[in-house]
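Work through the exercises below with the structure open beside you, and try each task on your own before reading its solution.

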Amino acid sequence: MTEYKLALVGFGGVNRALAQLIAERNDSWKNELGFTLKIVGVTDLFLGSVIDRDGLDAALLANLPAVKGAFAQLPGGEAIALNEAVIKDSGADIIAEATFTNPVDGEPATSFCRWALENGKHVVTTNKGPIALHGGELKDLAQRNNVAFEYEGSVMSGTPVIRLARQLLAGSSVVGFEGILNGTSNFVLTRMEGGLGFAEAVSEAQALGYAEADPTADVEGHDVRLKMVILANELLDAKLNVSDVSCSGISSLGLGDIEKARQDGARWKLIGAATRHADGSVSASVEPRLLNHDHPLAAICGATNAVSFATDLLGAVTVSGPGAGRTETAFALLSDIISIHQSVAHN
Ligand code: HSE
């Protein structure tokens, strides 16, 4: 039976939810997936770090109080985050990176990914920063070191988008896509359709845990812009930087605009769109668009995300599902590990 040793980098909601899944489901994964997971190290800037090459108790980790330096309570644990030691020296095969997204330079997550790949560890991450800002470099590094770099959870959490398009739509030429890729802004627009003011709707999204630490990134389209760079580079073979994607958000829309759209049989949505042109160039934008009710994305309401791929053999193929959430995003890490297992098994 294959057992992968896993180190968790960042122990906020997502990796904690992964520890919980491991505690509950590891036994059933033996038959269902053909492998089990053993956590050998965890590090977190707030909680500290702990390494045990024989394996840590996943349930104990999942239930650890979220207080500063909490890992010091565990045998061998430290109140400080020994990131480099956990990544390089815990004996891990796979590093699950789920620290916060830094949209400016992608740090410190990008360095965590580099250390892991340079040391021959597979990396699974949910973090948009390293991929949108340094994706090309990290993919090359993974290839040179003969390890995987997987990031399904960076767009639409566990809802399959990247691997679905890359693997299952291969051969059908994806020539563009349009998406609702930010749950907070879609939730806000839906609540405004119900008559709630913009600020109140944003506060609700924050209380429900959808919004980024700074919700400006959600409502001004910056979060979607990072996701557009990731998807366009991945699926349209583009080489876009963040500054190549024009971006405007929903903060300029008022209740009057929403009501006028309703009377016209339409809806405002924050849409990320990308197209590959005949000369091979790719353009991408993020902006509020007025969609008629027959548009494949018009009925996507609340915090739900969706992406509609334009393909030459199938026409529009639309996938919808959660775009955020702890367990939903932890599932994306699991799906990346399954993909690594399948490719290791086939080599
Ligand atoms: N703040 C994001 C959203 C979370 O609202 O969709 C996932 O990137």
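The exercises that follow concern a predicted model, and they go from the whole chain to its sheets, its unusual backbone positions and its ligand.

**Exercise 1. The chain as a whole**

Task: Find how many helices and strands there are in the chain, and state what its radius of gyration is.

Solution: Begin with the count of elements, which gives 12 helices and 12 strands in the chain. Next take the radius of gyration, which is 21 Å and so close to the 20 Å that the globule rule gives for 347 residues that the chain is as compact as a globular protein of that length. To picture the extent in space, draw a box along the principal axes, and the C-alpha atoms will fill roughly 65 × 45 × 40 Å.

**Exercise 2. The span 10-152 and its sheet**

Task: Say what the UniProt annotation for residues 10-152 is, and then give the order in which six strands, β3 and β2 among them, form an open sheet.

Solution: The record, an unreviewed UniProt entry, gives residues 10-152 the annotation "domain: Aspartate/homoserine dehydrogenase NAD-binding". In the model this span is 41% helix and 17% strand, and its end C-alpha atoms lie 17 Å apart. Now follow the open sheet strand by strand, where the order is β3-β2-β1-β4-β5-β6 and the pairing is mixed. The edges are held by β3 and β6 (149-150), and because each has a single partner strand, one side of each is left without a neighbour in the sheet.

The last step is to look at one pair of strands in detail. Strand β2 (residues 35-44) pairs with strand β3 (residues 48-51) in the antiparallel sense over four bridges, and a hairpin of three residues joins β2 to β3. Two facing positions can be found by eye, since V42 stands opposite V50 in β3 and D44 stands opposite G48 in β3.

**Exercise 3. The span 160-338 and its sheet**

Task: Decide whether strand β8 and strand β10 run parallel or antiparallel, and which strands stand at the edges of their sheet.

Solution: Start again from the record, in which an unreviewed UniProt entry places the feature "domain: Homoserine dehydrogenase catalytic" at residues 160-338. Over these residues the chain is 38% helix and 25% strand, with the end C-alpha atoms 13 Å apart. Six strands form an open sheet here in the order β8-β10-β9-β7-β11-β12, with mixed pairing. At its edges stand β8 and β12 (315-321), and because each has a single partner strand, one side of each is left without a neighbour in the sheet.

Turn next to the pairing of β8 (residues 246-247) with β10 (residues 282-292), which run parallel and are joined by two bridges. The bridge partner of S246 in β10 is S285, while that of C247 is V286. By contrast, strand β9 (residues 266-276) pairs with β10 in the antiparallel sense over 11 bridges, and L270 stands opposite P288 in β10. The hairpin of β9 and β10 has five residues between the strands, and in this hairpin G280 takes a positive phi near 90°.

**Exercise 4. Two backbone positions**

Task: Find which residues a cis peptide bond joins, and what the phi of S173 is near.

Solution: Keep in mind that most residues other than glycine have a negative phi, and that most peptide bonds are trans. The cis peptide bond joins E107 and P108, with omega about 0°, and P108 has its place in the loop between β4 (94-97) and α4 (109-118). S173, a residue other than glycine, has a positive phi near 45°, and S173 lies in the loop between α6 (162-168) and β7 (174-180).

**Exercise 5. The surroundings of the ligand**

Task: Determine which residues are around the ligand, and how much of the ligand the protein buries.

Solution: First collect the shell, which consists of K128, N182, G183, T184, Y210, A211, E212, D218, D223, K227, G323 and A324. Sorted by kind, the shell has three nonpolar, four polar and five charged residues.

Then examine single atom pairs. An N or O atom in the side chain of K128 is 2.8 Å from an oxygen atom of the ligand, and a backbone N or O atom of G183 lies 2.7 Å from an oxygen atom of the ligand. A polar side-chain atom of D218 lies 2.7 Å from a nitrogen atom of the ligand.

Finally, consider the area: the ligand taken alone exposes 260 Å², and the protein buries 90% of that. The elements that give two or more residues to the shell are α7 (183-193) and α10 (222-235).

Notes:
Residues numbered from 1 in each chain as written. Predicted model: local features only at pLDDT ≥ 70, side-chain atom pairs only at ≥ 80, totals over all residues. Heavy atoms only, no water. Near = heavy atom within 4 Å. Polar contact = N/O pair within 3.5 Å; in protein donor to acceptor, adjacent residues only side chain to side chain. Areas by Shrake-Rupley, 256 points an atom, 1.4 Å probe, with all protein chains shown as cover. Nonpolar A, V, L, I, M, F, W, Y, C, P; charged D, E, K, R; others polar. Pairing = 2+ DSSP bridges. UniProt positions renumbered as here; feature names shortened; annotations may be inferred. Rg over C-alpha atoms; globule rule 2.2 N^0.38 Å.
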